[in-house]
Amino acid sequence: MTSATLSTPVRTPPSALDGRSAGTRSKTNQRGYVRMLVVLDTAVLSLAVLAGYATRFGDAVPRGSEIPYVVVAPALVLVWLVSLKALRCYDDRVLGYGADEYRRVSGASLRLAGGVAIAGYIFDVGVSRGFLGISFAVGTVGLVATRFAARKALHRARCRGDGWSRRVLVVGDTAHVLELVHTLRREPYAGYHVVGACIPDALLAPVPQRLSDVPVVGSLRGIPEAAGAIGADTVAVTASGELTATRLRRLGWQLEGTGIDLVVAPALTDVAGPRIHTRPVAGLPLIHVEAPEFRGARKLVKELVDRSAAAVALLLLLPLVALIALAVKLDSRGPVLFRQTRVGQGGQEFGVLKFRTMVVNADALLAELVARNETNGLMFKMRDDPRVTRIGRLLRKWSLDELPQLVNVLFGQMSLVGPRPPLPSEVARYDGDVARRLLVKPGMTGLWQVSGRSDLSWEDGIRLDLYYVENWSLAADLTILWKTFGAVLRGRGAY
C-alpha cells in the first residue's frame, strides 16, 4: 500500500451523531424539494385548466351545458396530481438528473388524457373536447418546463455545495473506490455526494484513514452500520474481490427497511443507456452492451439532416455573415476567412473555414508563446492571446467565427454535432484510444462545446469526444444543439 493511496487525516472522521444529523438535513432538503415540486405542479395545472376554459368559453359560462365546469376543473387538477403521484413522478430516485423524470411527467399526463377521453366516450359525458385538449396540452408542456427550471436551480445549488443531494457511502477496493469518487465528483450537479468509504479488512490501518479526502468509516463487514453512522442514504458498491455475489445479496437484505438504497456501479463506464440492456440469465442480471453504430440508416438520416440544416442556416444567416466579413476586413489587415487543415472522418484531411480572428502572422508568433500555454495535452490555449484581433475577441466570445463551417457541413466534411476537429500535428501523436475520435465526422459543436469549451482539460475533452463517438444519437444531437445556444450566450470557456 502506498502513501499516495491512503493517508492519515488532519481530523478524525465525523461522529455518528454528526453523520445522522447531516443525514436528517439531507432528508429534510429532499422532502422540501418534493413539496416545492408539488406546489409548482399544482400551480401549473390550475393555470392550464384555466387557460383551457378561457380559450374555449371565454369569460361566459357555457349555456345549455349540463356539465358543472366549476366542479370539473378542480377535479381535473386533483386527478392529474394523483396520476403524477401514482406514476412515481415524485420519486427521489429520478428527480434532479436524467431524462426519466420528464418521461414520467409527460407519460402520466398523456395516459390521463387518454383515460379521460375513453371514459368520456364510454359514459357519454359531454365535457368539451376543446377544453380538455387545450388543458392537457398546456399542462403537459408547463409541467416539463417547470421541472426543467426547478432542476436547473437545484443543479446550481448542488454545484455551490447547497441543495439536496444523496449522501453516498462508496464500498469496494481502494483503486475502484477512488475511481468512482472521481467519476461522481466530475458532475456534482447529479446529486451524489460521497461522504465515506468502506474498504476490505486487509487495507485498514490502526489509525483513521482517508482515500483522497474521503474518510474511511469501516470495512466490508460493517457496511449497514457505517452507512447509518454517517447518515448515508445510498450505498454504492464498486468492484472488490471480497464482495462476492452471495455477500452482495446479503447486503441487499441487510439494507431492507433502512431507507438506504443499494447501487451497484459496474466497471463499464461512459456507455449510454440505450446501448445497455439487462437480461436475467440463471439468476444473474447480465448486462448486454450493443456495439456502437458507425454506419447504416441512422447515419444516412444524420447526413441528410446535417446538410439540409446547414443549407437553411446559411441562407438565413447570410446578412449576418456579410456584416461579420465587413467587420473583419475593416478591423485588421489580411483575408476575411482563415482556412486551416484539419483531420476528419477516417483520417482524411480537409480545410476548415473560420472567420479570421488573429493577425496574419499568427503561426509565426506561436513559437514565442508556447511556454505560456494554459492547457495540458496536445492543444495550445491562452486566455489573453496577443495574436487575437479586437473583432476576433468578440467573434470568439460568441462563437461567431465558426459560422463559415456551415459550408464544411454542406460539403459533407463536417457534421453539426461531433468531436472537435483536430490538427494533423495532434493526430500524429494520438494513441489507439484517442484515434477513435476519427471514426465519425468532426462537428461544429459537441459535448466539449456545451461542457466548458477551452476551460476543459485535455483529458476531459477527449473523454467527452469518445463518449459521443460511442453513444451518438439523433436525439442527443438535438439536445447538444439546444444546449449550444446556452453555452454561447454564457460565453464560458470561449477564448
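A residue is called buried when its relative accessible area is under 20%, exposed when it is over 50%, and partly exposed in between (1.4 Å probe, protein chains only). With this in hand, two cysteines can be placed: Cys89 is buried at 1% relative accessibility, and Cys198 is buried as well, at 0%. A disulfide is a pair of cysteine sulfur atoms within 2.5 Å, and the structure holds 0 of them.

The model is a predicted one, in which local features need pLDDT of at least 70 and side-chain atom pairs count only at pLDDT 80 or more, while totals for chains, interfaces and linings use all residues. Residues are numbered from 1 along each chain as its sequence is written, and side-chain values use heavy atoms, with hydrogens and water left out.

The overall picture comes next. The chain contains 16 helices and 13 strands; helices (H or I, at least four residues) and strands (E, at least two) are DSSP runs, numbered from the N terminus. Of its 495 residues, 41% are buried. A contact means heavy atoms within 4.5 Å, and among the contacts in the chain with a separation of 6 or more, 72% come from residues 24 or more positions apart. The accessible surface, found by the Shrake-Rupley method with a 1.4 Å probe (for residues, only the protein chains shown count as cover), comes to about 26,800 Å² for the chain. Carbon and sulfur atoms hold 62% of that surface.

Aromatic rings deserve a look of their own. A pair of aromatic rings is described by the distance of the centres and the angle of the planes. Rings of Phe, Tyr and Trp (its six-membered ring) pair if their centres lie within 6.5 Å; planes under 30 degrees apart count as stacked, over 60 as edge-to-face and the rest as tilted. The whole structure yields 4 aromatic pairs. One of them joins Tyr53 and Phe57 in a tilted arrangement, with 5.2 Å from centre to centre and 55° between the planes. These two residues are 4 apart in helix H1 (residues 16-57), so about one helical turn separates them. Tyr53 and Phe57 are both buried. Another tilted pair is made by Tyr97 and Tyr189, whose centres are 6.0 Å apart and whose planes meet at 45°. This pair links distant parts of the chain, 92 residues apart: Tyr97 belongs to the loop between helix H2 (69-86) and helix H3 (100-122), and Tyr189 to the loop between helix H5 (174-186) and strand E3 (192-199). Tyr97 is partly exposed at 39% relative accessibility, and Tyr189 is partly exposed at 28%.

A ring can also have a charge over it. This is counted if NZ of Lys or CZ of Arg is within 6 Å of the ring centre and within 35 degrees of the ring normal. At Trp472, the charged end of Arg298 sits over the ring, 4.4 Å from its centre. Lys299 also lies over the face of Trp472, at 4.5 Å from the ring centre.

Charged side chains bring the next set of links. Side chains of opposite charge can pair when their charged atoms come close. With a salt bridge taken as a side-chain nitrogen of Lys or Arg within 4 Å of a carboxyl oxygen of Asp or Glu, the count comes to 21. Arg104 and Asp91 form one such bridge, at 4.0 Å from N to O. Arg104 lies in helix H3 and Asp91 in the loop between H2 and H3, 13 residues apart. Arg104 is buried at 17% relative accessible area, and Asp91 is buried at 11%. In the bridge between Asp213 and Arg185, the closest N and O atoms are 2.6 Å apart. Asp213 is in the loop between strand E4 (210-211) and strand E5 (214-219) and Arg185 is in helix H5, so this bridge ties together parts 28 residues apart in sequence. Asp213 is partly exposed at 42%, as is Arg185 at 37%.

A further salt bridge connects Asp331 and Arg390 (3.2 Å, N to O). Because Asp331 lies in helix H9 (residues 318-331) and Arg390 in helix H11 (residues 390-397), the pair ties together parts 59 residues apart in sequence. Here Asp331 is buried at 18%, whereas Arg390 is exposed at 68%. Salt bridges with shared partners also join Asp91, Arg93, Asp100, Arg103 and Arg104 into one network.
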